[in-house]
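Me: Could you take a close look at one strand and its partners for me? I'd like the cut-offs spelled out as you go.

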Amino acid sequence: MSNEVTVVLQDRKTGQRRNYTINVNNNENILELTKSVEKITKIPSEELEVVFCGKKLSKSTIMKDLSLTPATQIMLLRPNSVVKTATSSSKFQTTDSSILGSFYVWCKSCDDVRRGKLRVYCQNCESTSVLVKAEPQNWMDVLKSKRIPVTCENCSRPGLYAEFKFKCLTCNDLAAALTHVRGNWQMAECCICDGKEKIIFDLGCNHISCQSCFKDYLLSTLQVFHFKNRPPYGFTVSCVYPECNRVVQDVHHFHVMGQSSYSEYQRKATERLIAIDDEGVTCPNPSCGQSFFWEPYDDDGRSQCPDCFYTFCRKCTERDCVCQSEDDLTRTTIEATTRRCPKCNVATERNGGCAHIHCTSCGMDWCFKCVTEWKEECQWDHWFN
């Protein structure tokens with residue numbers, strides 16, 4: 001089976017960047033792809049490095065393992081000089097299809113748990129033409145922003161970071177990663193029904209449950225709302241196994257209850273959390289407006305709506321944070337409309353009346369016009385000017 005894919009060729013020798021549409025056979029490997037590009041560009045295939053998901057791929061990687069779609073772009077990089085892979089000292093290591101790992105996601109479009117794929121983008125320009133400088137070591141490196149530095153061949157700015165996104169393998173839509181879901185490789189039994197399902201829920205304690213039993217457990221908990229506040233995870237549930245103190249660490253798993261039940265959970269949990277410590281937030285996306293609570297641990301000031309996946313700054317509610325520019329504008333306004341007490345330096349605004357100011361901070365009486373201690377001359381010369 002063959003597919004059309006878009007290939008972006010970044011030629012560092014000539015400084016040129018070109019796009020090509022190429023038919024690839026899913027059973028072929030990366031080496032065959034570079035040979036196809038060689039026929040079009042006359043660039044020797046051994047000079048081409050293939051970059052995908054932030055990593056340089058091994059020439060033996062099979063195309064079907066990349067889970068390509070018509071919208072997928074593959075970057076081919078032609079370095080200034082060719083260094084043999086065996087003796088390369090590059091900090092960017094080649095890899096095979098194992099980089100894709102085995103992910104499961106909640107897909108809103110499919111309304112179910114699905115196999116997922118991980119894609120990496122430049123946080124600045126959202127290009128996929130990036131190389132990661134460090135391997136993610138845990139889930140937080142993937143789920144949180146500004147954790148993994150990258151080099152972007154598109155915008156080439158310094159100090160860039162990766163933005164990771166998960167997509168549904170079935171429909172290619174954005175989806176939420178489910179960190180507690182995995183494949184049942186050993187066909188272990190569900191600790192509730194003794195069934196052996198291909199997809200299981202495991203909180204890291206090996207008390208596995210099938211999706212059906214996990215869903216029933218959540219629905220029964222929701223009915224009496226026995227979700228407990230477990231900082232830093234918010235209102236959540238413990239393991240299905242009695243006496244186990246492991247908890248669900250990500251609310252996206254609660255989508256398996258169904259949309260109406262999940263919305264009920266979000267509403268009740270948000271109401272309780274706001275009442276406790278005002279950590280509730282409402283999605284600013286005009287087409288959404290979902291209320292949810294944010295995770296305060298390891299926080300960078302940004303949140304992603306669990307319903308529409310819109311990412312925004314909680315302070316200014318913008319996708320691209322403008323807090324710094326707003327802070328600068330606020331400071332400019334303050335400096336333009338106030339004067340500072342000559343004793344304690346507190347900014348003071350005069351909104352009417354005479355020029356005689358009594359500082360409520362330090363108690364000093366001073367002149368708003370002279371910005372000095374209040375004197376008899378001030379009273380006669382410019383009391384009301």
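Reply: Happy to; here is a walk along strand β11 and what surrounds it.

This is a predicted model, in which local features need pLDDT of at least 70, side-chain atom pairs count only at pLDDT 80 or more, and totals for chains, interfaces and linings use all residues. Residues are numbered from 1 along each chain as its sequence is written, and side-chain values use heavy atoms, with hydrogens and water left out.

Strand β11 covers residues 160-168; strands here are DSSP runs of E with at least two residues, numbered from the N terminus. Two strands pair if DSSP finds at least two bridges between them. Strand β8 (residues 112-122) runs antiparallel to β11, with 7 bridges, and K117 sits opposite K167 of β11. Strand β10 (residues 149-152) is also an antiparallel partner of β11, over 2 bridges; there P149 has Y161 as its bridge partner. Then comes β12 (residues 174-177), antiparallel to β11 over 2 bridges, where K167 is partnered by L174. The hairpin of β11 and β12 has 5 residues between the strands, and N172 takes a positive phi near 70 degrees.

β11 also supplies 5 residues, the largest share, to the largest nonpolar core. Such a core is a set of buried Ala, Val, Leu, Ile, Met, Phe, Trp, Tyr and Cys residues joined through side-chain atoms within 4.5 Å, buried being under 20% relative accessible area with a 1.4 Å probe and protein chains only. Of its 39 residues, L33, M63, I74 and L76 touch the most other members.

Conventions. Buried < 20%, exposed > 50% of the residue type's maximum accessible area, 1.4 Å probe, protein only. Helix = DSSP H or I, 4+ residues; strand = E, 2+ residues; numbered from the N terminus.
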